Structures are given as structure tokens and as C-alpha cells.
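Work through the exercises below with the model open beside the text. Each task is followed by a solution in steps.

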Amino acid sequence: MPRTVARVIVDALSELGVRQVFGVVGDALNPLTDAIRTTDGVEWVGCRHEEAAAFAASAQSQLTGTLGVCMGTVGPGSVHLLNGLYDAAKSHAPVLAIAGQVPLAELGSDYFQEVDNDALFSDVAVFRATITSPEQLPRMLETAVRHALGRKGVAVLTVPGDLGEQQLPSDRPARFSLNAPLSRPDAAAVRRAAELLDRSERVTLLVGEGARAARDDVLTLADRLAAPMVLTLKAKAGFEGDDNPFQVGQTGLIGNPAAAAALQDADTLLLLGTDFPYRDWYPEDRTVIQIDTEATHIGRRVPVDVGLVGDTGAGVRDLLDHLTAGPDGARGRSHLEKARERFDQWRTGQARLADPSHDKGVIGRVRSALDNRAHDIRPEALAAAVDRIAADDAVFTSDTGMATVWLSRFVEMRGGRRLIGSYNLGSMANAMPQALGAQCLDRARQVVAFCGDGGLSMLLGDLMTLKTYRLPVKLVVFDNRRLGMVKLEQEQAGLPEFGTVLDNPDFAAVAEAMGITGVRVTDPADLDSAVRRAFHSPGPVLLDVLTNPDEIAVPAKPTVEQGWGFAVAKVKEVVRSHGEPGGS
């Protein structure tokens with residue numbers, strides 16, 4: 001019996017190993033969702049907002065390296081996919097979005113809910129097309145999937161509402177041929193890079209997510225070069241832990257002084273699988289070598305002396321073959337040892353801040369009088385408690401903003417832990433829907449979402465999706481009643497806090513009203529037991545922790561201008577609090 005357009009698409013998704021499709025049902029999608037309903041092994045996950053569906057699909061793609069799939073119906077349903085799809089595109093996550101459309105005969109007539117999807121998705125998608133005839137399948141679907149996987153991006157296939165039930169006049173199985181090529185850097189460039197490294201006295205590695213698959217080779221290279229290893233946030237998962245004696249944490253605004261110093265003190269910087277975008281944090285006038293699979297990434301953040309285009313693992317192995325100086329050669333290990341000593345000292349200081357009893361000591365009491373007069377829970381203590389209690393193979397997601405700062409500094413991606421977030425697009429509201437997608441992959445694996453109160457409330461409705469599908473995500477809410485990162489940015493610029501205060505509900509009570517276990521913590525003495533209770537409770541749990549809104553995340557290398565701006569802002573806030581209605 002000839003298959004329909006919808007059946008061809010869903011059968012192909014099943015053959016590709018797609019296990020969930022995320023979206024919101026609607027008229028144009030009805031043939032597709034009905035095909036999913038009757039297909040074993042493919043689950044429809046009905047979300048409350050299409051943006052959450054796109055985030056969930058992107059999370060699955062980032063965790064597995066395979067295709068994530070989401071759907072949005074005609075007009076607004078497809079428009080709502082955009083932000084999550086932009087996050088997938090910026091994260092280089094292969095995602096296929098199926099978008100509904102008005103009936104074929106109505107295209108171009110400004111019909112009810114009609115949107116030009118090919119124009120709408122032109123900036124975000126590596127491939128976009130509208131099916132106008134059943135004869136285009138399965139070829140057009142094959143093309144869309146190859147683009148998404150081959151170019152690690154978003155493909156959008158638009159299906160008019162009257163086309164999904166039409167039968168193919170000539171049917172065949174879909175064929176994808178998805179073998180990925182392995183490229184090696186140019187041999188002459190490798191020799192030149194090895195010569196520069198052999199002559200260098202102080203080498204520092206800046207390691208990104210693109211090096212994760214070559215972890216053992218990267219560690220061997222760090223040992224040969226006696227090089228401290230600065231990690232990007234996305235490289236935490238894979239390179240942190242006690243079995244890596246070279247890593248010194250992150251740089252940038254969320255980083256630490258040891259990592260910043262390791263970069264500044266180097267005479268040669270070796271970039272491995274990273275496109276770290278913050279140019280102000282690169283040292284100037286250093287020899288720079290970069291390995292990346294994308295030729296367009298070479299030198300776009302910092303001037304590069306030698307660029308090696310190819311697989312990071314292959315490039316590292318080729319470098320090891322050409323290096324002549326051994327790990328105990330003339331270079332010595334003082335650069336590495338100094339960086340590690342600084343890192344250990346910084347971590348010791350951070351551990352003191354994360355101690356729930358910190359504010360009871362002499363220094364803590366003085367500090368609290370300045371920045372925590374309400375005796376709220378320190379966000380450092382919350383993050384550290386989660387780190388102690390969470391499983392060593394947990395998947396973490398984090399909202400953009402201060403939640404990511406505390407995760408970066410206090411949660412170690414040891415063991416088999418994984419981490420995803422909106423670290424390239426920087427969207428709000430990503431942590432909970434990404435956790436949703438991650439938990440669907442494995443309902444037995446622990447999934448932890450570090451949620452800002454602003455981010456959580458933006459897509460609050462999809463808490464119901466966690467409940468409906470019995471997804472045991474643990475939502476940790478840093479409830480500081482603020483848009484915390486914006487507050488910090490304003491104050492560092494010398495501006496008084498404005499527009500950042502959030503009139504929050506009791507999020508734990510909201511969760512309970514939705515049928516989800518809610519735990520609320522207001523007393524630092526109750527923190528550890530509350531985290532344990534939340535993590536040991538079955539099903540989804542929302543842990544609402546009232547954290548200090550005035551906590552300061554000191555940058556890795558604070559400037560005089562930042563300090564002065566913060567002081568000026570605080571004076572302005574005090575003056576306003578006494579002289580303006582509603583001042584705090």
C-alpha cells in the first residue's frame with residue numbers, strides 16, 4: 001500500500017533512531033502526529049510552548065551527536081520555534097524542525113495564519129524548503145537530514161496542511177549515507193607548529209568542547225608541554241576531575257584568577273577545539289597556534305601564527321609525533337606548577353565561601369553586614385551542596401546568567417557528568433526545557449537544571465510537561481528575586497539597579513499546585529538536608545532556594561573601572577532608597 005507524506009517522514013525518523021519528537025499539536029501537523037501515534041519506538045512529547053520543544057530537541061542532539069526533532073504548526077506555532085532553533089544553530093546541534101503551513105492552494109494569498117516559513121527561517125537554518133508535491137519525498141527529507149547532520153545545524157522542512165495525507169505515487173525507503181569524514185591538518189603546518197612549541201618556554205592550552213573526543217591525547221600533549229590547561233565552559237564536561245592534573249578552570253567573566261594568569265604568563269597559546277569568543281580575555285602579543293575543524297574559525301578571535309584545519313584529535317596526535325622536546329626537557333614545569341598552585345589556592349578560598357556556616361565566623365559576619373543583611377542563603381553554598389549530592393553521571397543544564405556562574409565555579413564535571421546550556425546564544429529560559437529533552441533520553445539518569453528565577457518563570461508552563469510525562473528532573477531554582485546578571489552589569493557600569501527586581505511567587509507552592517514535589521528553603525541551616533530530600537524524592541522536584549540577591553561574582557581579573565563603577569552604583573542605590581518611592 002502506498003505510504004503518505006506523513007508516514008514517509010515518520011518512518012524515516014524511526015529508522016534514524018529518533019526516539020522523541022517535541023512540539024505542540026495543531027491542524028497542519030495532524031497527519032504527522034497521527035503517524036507518530038501509530039509508530040512503535042517514536043514518542044510524541046507534547047510541550048506547552050514550541051520554544052521549549054526546540055530547546056528539548058537541541059539538548060538531545062547535543063548530548064547524543066545525532067538528530068533532534070521538533071515540530072510547530074502553522075504560523076505562530078512555527079514562529080515560536082525560532083529562539084530554541086537559534087540556540088541549536090549557535091550550538092552546532094543537528095536539529096530537524098517540521099513546520100506546518102496553510103493548504104497549498106492558499107499559499108501566497110495572505111491566508112489565516114500564513115507565514116513565509118522559508119523566509120522566516122532563512123537566517124537560522126542551513127537548509128529550508130517547502131514540500132509542494134508528494135513526488136519530492138523522500139528525496140527532500142534526505143537532503144534536509146544530510147544538511148542538519150553534515151553541517152551540524154538546523155534544517156526546516158515545511159509541510160502544507162493538505163499534503164501530509166497525500167500518498168506518494170512512487171515510494172522507496174529513505175537513504176541517508178551519513179558517514180562523517182575525518183580530516184587531518186596540513187603536514188607542513190603541523191611541523192611549523194611543533195617547531196614553535198619546541199622553542200616555547202611557557203605554553204598554555206585553551207581547550208574547548210571540540211577536543212572532548214581526544215581527551216587522552218590532549219592530556220598527553222599537556223604533559224609533554226608542561227602546560228596548564230584553561231577550559232572553556234563547554235569543556236568542563238570531559239576535562240575536569242582529579243585525573244586531570246593540568247586543568248586550572250575557566251577564564252572570562254565566570255572564570256578564576258589562576259586561569260587568567262595562566263593565559264597572561266604564557267609565551268605561546270595553543271587553542272584546541274575552541275572558538276572562545278571573548279577577545280578581551282586573550283593575552284596580547286603571544287605566539288598563537290590553533291586547531292579547529294572549521295577553517296573560518298582560525299584567527300577570528302585572536303591573531304594566529306599557525307592554523308591547523310582538521311580534526312582536533314588527529315591534529316594533537318600529529319603534533320605529538322613531531323615534538324622533539326620531552327616533558328622533562330629544558331622548558332621545565334614551573335609554569336604549570338605555578339598555575340596549579342594558584343588554582344588550588346583559589347579553590348580553597350571558594351570552598352570557604354561555599355560553607356553554609358561561613359557567615360557565622362568573624363569575616364563572614366562582617367561580609368554579611370555589607371552584602372547579606374537578610375541572611376539569605378549564599379548561592380555558592382547551594383551550588384556546592386548540589387555538587388556534593390548529585391550523581392557522578394548526572395546531566396546538568398544551566399540558565400544563562402548567575403546560575404551558570406555558580407555552576408561553573410562550584411560544580412565539577414567529574415566522572416560521566418555532562419553539561420549543556422545556552423552558552424553561545426545566551427538565551428534565558430533554556431535550562432528547564434533542555435533538562436526535559438535530556439531526561440527523555442534516559443528516565444533513569446539524574447538530570448539537574450540550574451534555573452534562574454527569571455528564566456524559570458519565562459517558560460513556566462512546561463513544568464506541566466515534566467509532570468505529564470513523569471520526567472524526574474531536579475529543578476534547582478536560584479531564587480534571588482532578581483535578573484542577577486543584568487543587576488551586576490548595571491552596577492559594574494556605575495548605574496543603580498533598575499528594572500531587575502522580580503515579584504516572584506513561592507515557586508515550590510506553584511510546583512505543588514501542578515502536581516510536582518516542591519521544596520522551599522529559606523534558612524542556610526536547612527540547605528544540605530533540603531537538597532538531599534529533593535534529590536532523593538521520586539519524580540520531578542522543584543527546589544526553590546531563596547538566595548542572596550546582592551552576591552557579587554568577582555571576575556577573574558577585575559578592573560579598577562569595574563570596582564569604581566560598582567561603588568558608584570551602590571551609592572546611587574542608597575540615595576535612591578531614601579529619596580524615591582519604591583526604593584529598596
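**Exercise 1. The largest cavity**

Task: Find which residues line the largest cavity, and sort them by character.

Solution. The model is a predicted one.
Step 1. The lining of the largest cavity consists of Q62, E209, K234, L419, I420, G421 and Y423.
Step 2. By character, this lining holds 3 nonpolar, 2 polar and 2 charged residues. For this sorting Tyr counts as nonpolar and Gly as polar.
Step 3. Strand β14 (residues 418-421) gives the largest share of the lining, 3 residues.
Step 4. The volume of the largest cavity is about 40 Å³.

**Exercise 2. The second largest cavity**

Task: State how many cavities of 30 Å³ or more there are, then describe the lining of the second largest cavity.

Solution.
Step 1. The count is 2 cavities of 30 Å³ or more.
Step 2. The second largest cavity has a volume of about 30 Å³.
Step 3. Its lining is made up of L271, T274, D275, F276, Y282, Q290, H297, G299, R300, R301 and V302.
Step 4. Sorted by character, the lining of the second largest cavity has 4 nonpolar, 4 polar and 3 charged residues.

**Exercise 3. The six-stranded sheet**

Task: Give the strand order of the open sheet of 6 strands, and explain why one side of each edge strand is left without a neighbour in the sheet.

Solution.
Step 1. Reading across the open sheet, the order is β14-β13-β15-β16-β18-β17, and the pairing is parallel.
Step 2. The edges are taken by β14 and β17 (517-521); each has a single partner strand, so one side of each lacks a neighbour in the sheet.
Step 3. On average, neighbouring strands of this sheet are turned by 15° against each other, direction ignored.
Step 4. Within the sheet, β16 (residues 474-479) pairs with β18 (residues 541-546) in the parallel sense over 6 bridges. As an example of the register, L475 has L542 in β18 as its bridge partner.
Step 5. Helix α15 (residues 379-389) lies across β13 (395-398), β15 (447-452), β16 and β18, and runs at about 165° to β16.

**Exercise 4. The whole chain**

Task: Count the helices and strands of the protein chain, and decide how its radius of gyration stands against the globule rule.

Solution.
Step 1. The protein chain contains 23 helices and 18 strands.
Step 2. Its radius of gyration is 25 Å, close to the 25 Å given by the globule rule for 584 residues, so the chain is as compact as a globular protein of that length.
Step 3. Along the principal axes, the C-alpha atoms fill a box of roughly 75 × 65 × 40 Å.

Key
Residues numbered from 1 in each chain as written. Predicted model: local features only at pLDDT ≥ 70, side-chain atom pairs only at ≥ 80, totals over all residues. Heavy atoms only, no water. 1 Å grid on protein atoms, 1.4 Å probe; cavity = no way out; pocket = protein on both sides within 12 Å on 5 of 7 lines; lining within 4 Å. Points joined across faces, edges and corners; volume = space filled by probe spheres on them. Helix = DSSP H or I, 4+ residues; strand = E, 2+ residues; numbered from the N terminus. Pairing = 2+ DSSP bridges. Axes fitted to C-alpha atoms, helices over the stretch in contact; angles between N-to-C directions. Contact = heavy atoms within 4.5 Å. Rg over C-alpha atoms; globule rule 2.2 N^0.38 Å.
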